[in-house]
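Below are some notes on the model you passed along, set out as numbered points. Please read them with the coordinates open.

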Amino acid sequence: MFGRRPGATAPKAPAARPAGSAPVLPEAAAAPVFQDGKRAEPAPSPVREAPAPAETARSDEYYRTKSMIFGALIEAIDLTQLARLEPDAAREEIRDIVIEIIGLKNVVMSIAEQEELLDDICNDVLGYGPLEPLLARDDIADVMVNGANRTYIEVGGKIQVTGVRFRDNQQLMNICQRIVSQVGRRVDEASPICDARLPDGSRVNVIAPPLAIDGPALTIRKFKKDKLTLDQLVRFGSISPEGARILQIIGRVRCNVVVSGGTGSGKTTLLNCLTRYIDDDERIITCEDAAELQLQQPHVVRLETRPPNLEGQGQITMRDLIKNCLRMRPERIIVGEVRGPEAFDLLQAMNTGHDGSMGTLHANSPRECLSRIESMISMGGYNLPSKTLREMIAGSIDVVVQAARLRDGSRRITHITEVMGMEGDVIITQDLFVYDIVGEDPNGKLIGRHRSTGIGRPRFWERARYYGEDRALAAALDAAEVRTEEKA
């Protein structure tokens, strides 16, 4: 009988189901189950606010019951046979066996409590345990787990506490190991810090004891299932229609772009939006620490860094990837995030015929973005004069797009800034679009407007003419000036 351990004391299970290929393992060594490259996800469940003392007492009893039933389940099932089932069939098999165990153990619970228990145990065996309901919700931007008993989420730019908790820190650690093992990484006492990703590209960071004192800290930056576009950003008010049109032209005419912004400001989302306007016949190579870019073009090569092994050998850095991709005949190079001396290699690529290359960077303004690039190159040990570095930056980068998350939780594109060149030792920039905050409504939402600065012809005008986009660029700039005058 599939899923039933020989000689198990649980009652006879339902009839065998079709065999599949997804592995199903117990918590300590389990791997997530996939079908057609996707994880089986339960229906979303509501997130509760912080539990009251009475709810905590019930929860403790619930977790004791769950632990007892889970132990009986592991004794009753044959994992090697269950591994032959497809994820949906395996989930049904587990539910059937758990229902039988509940009857044998004379556990008294309501139908709603039983359904909650069934979903929890199936998630523990096949998925990410208590995280599954949160990962199934598309309105959550971040999941932050601070040890087994405290989980926070970010919804609408605001952080909320939830009632989600884990049985203990060991269960949380097992789930962390399950996540990072998918991408060939590890997290343990010897390597307690790890960056990884979920199958949908969501970014994952784990820091484990002894560095995390109160238990493993797991942070997941979720990506929406439906990829955002510039048109949607316009509807959300992140950018004006004319500004979005300018960004489309910038992406299409192969300007070298750096997307700058703070943590959680939407840099990767904006970079994904810009890459949608790359032609399908261009060869694109992406370099990332944890692969999260989701390009839609058919000719994309995705590269990912690799941490050192237990002996400290075998590390592949971002610099190694960028240097190698120059030998892969790229037309555009997309760097997920520039953090260090790889900034020098990216500038070299932008200067050597790879027009239209893009990357993201942490900075609070376009001017600070250029200064940080200079600082990161200097930290890499390059003993070049400051003027030489600035000339390289000015000659390589065409546009800086600044994103920001405002204090009300909204995300806005605050600057579209051109890099004009050098005057003496100073890099000259000019803003094409800026976002001005003009007030606040009674609900605490900031009120602002995007406005054109009235630049008649940007520096990339000739490039736009070369690609046949000069008329569209002129129309967008004229419309932006008219809208700015009307709002003024």
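1. C176 has a relative accessibility of 0% and therefore counts as buried. In this predicted model, the cysteine sulfur closest to that of C176 belongs to C194, and at 9.4 Å the separation is too far for a bond. C194 is likewise in no disulfide, its nearest cysteine sulfur being that of C176, and with 5% relative accessibility C194 also counts as buried, since the limit is 20%. A search of the whole structure finds zero disulfides.

2. Which strands make up the open sheet, and in what order? The sheet is built from nine strands that follow one another as β11-β10-β12-β13-β9-β14-β15-β16-β17, with mixed pairing. Its edges are formed by β11 and by β17 (446–452), each of which pairs on one side only. On average, and with direction ignored, neighbouring strands of this sheet are turned by 25° against each other.

3. At the β17 edge, the pairing with strand β16 (residues 426–440) is antiparallel and extends over seven bridges. To place this pairing on the sequence, one may start from D436, whose bridge partner in β17 is R449.

4. Towards the other edge strand, β11, helix α10 (residues 318–325) lies across β10, β11 and β12 (332–335), and the helix runs at about 170° to β10. The loop between β10 (284–288) and β11 (300–304) holds Q294, which counts as buried because its relative accessibility is 17%, under the 20% limit. Leaving aside residues up to four places away in sequence, Q294 touches D200, G201, F223, K227 and N272.

5. N272, one of the contacts of Q294, is among the buried residues of α9. How many residues of helix α9 are buried? Eight of the nine residues in this helix (residues 267–275) are buried, so the helix is largely enclosed by the rest of the structure. The buried residues are K267, T268, L270, L271, N272, C273, L274 and T275, a list that contains lysine, threonine and asparagine alongside leucine and cysteine.

6. The largest nonpolar core has 36 residues, of which I246, L247, I250, V257 and I416 touch the most other members. Helix α8 (residues 241–252) gives the most to this core, contributing five residues. For I246, the contacts beyond four places in sequence are L432, F433, F460, L473, A476 and L477. A second core, separate from this one, has 34 residues, including V338, A363, L370 and M392.

7. The count of aromatic pairs comes to one. How are the two rings of Y466 and Y467 arranged? Their centres are 5.0 Å apart and their planes stand at 85°, so the pair is edge-to-face, the cut-off for that class being over 60 degrees. Y466 counts as exposed because its relative accessibility is 67%, whereas Y467, at 34%, counts as partly exposed.

Definitions and conventions
Residues are numbered from 1 along each chain as its sequence is written. This is a predicted model: local features need pLDDT of at least 70, side-chain atom pairs count only at pLDDT 80 or more; totals for chains, interfaces and linings use all residues. Side-chain values use heavy atoms; hydrogens and water are left out. Helices (H or I, at least four residues) and strands (E, at least two) are DSSP runs, numbered from the N terminus. Buried means under 20% relative accessible area, exposed over 50%, partly exposed in between (1.4 Å probe, protein chains only). Contact means heavy atoms within 4.5 Å. A nonpolar core is a set of buried Ala, Val, Leu, Ile, Met, Phe, Trp, Tyr and Cys residues joined through side-chain atoms within 4.5 Å. Rings of Phe, Tyr and Trp (its six-membered ring) pair if their centres lie within 6.5 Å; planes under 30 degrees apart count as stacked, over 60 as edge-to-face and the rest as tilted. A disulfide is a pair of cysteine sulfur atoms within 2.5 Å. Two strands pair if DSSP finds at least two bridges between them. Axes are lines fitted to C-alpha atoms, for helices over the stretch in contact, and angles run from 0 to 180 degrees between N-to-C directions.
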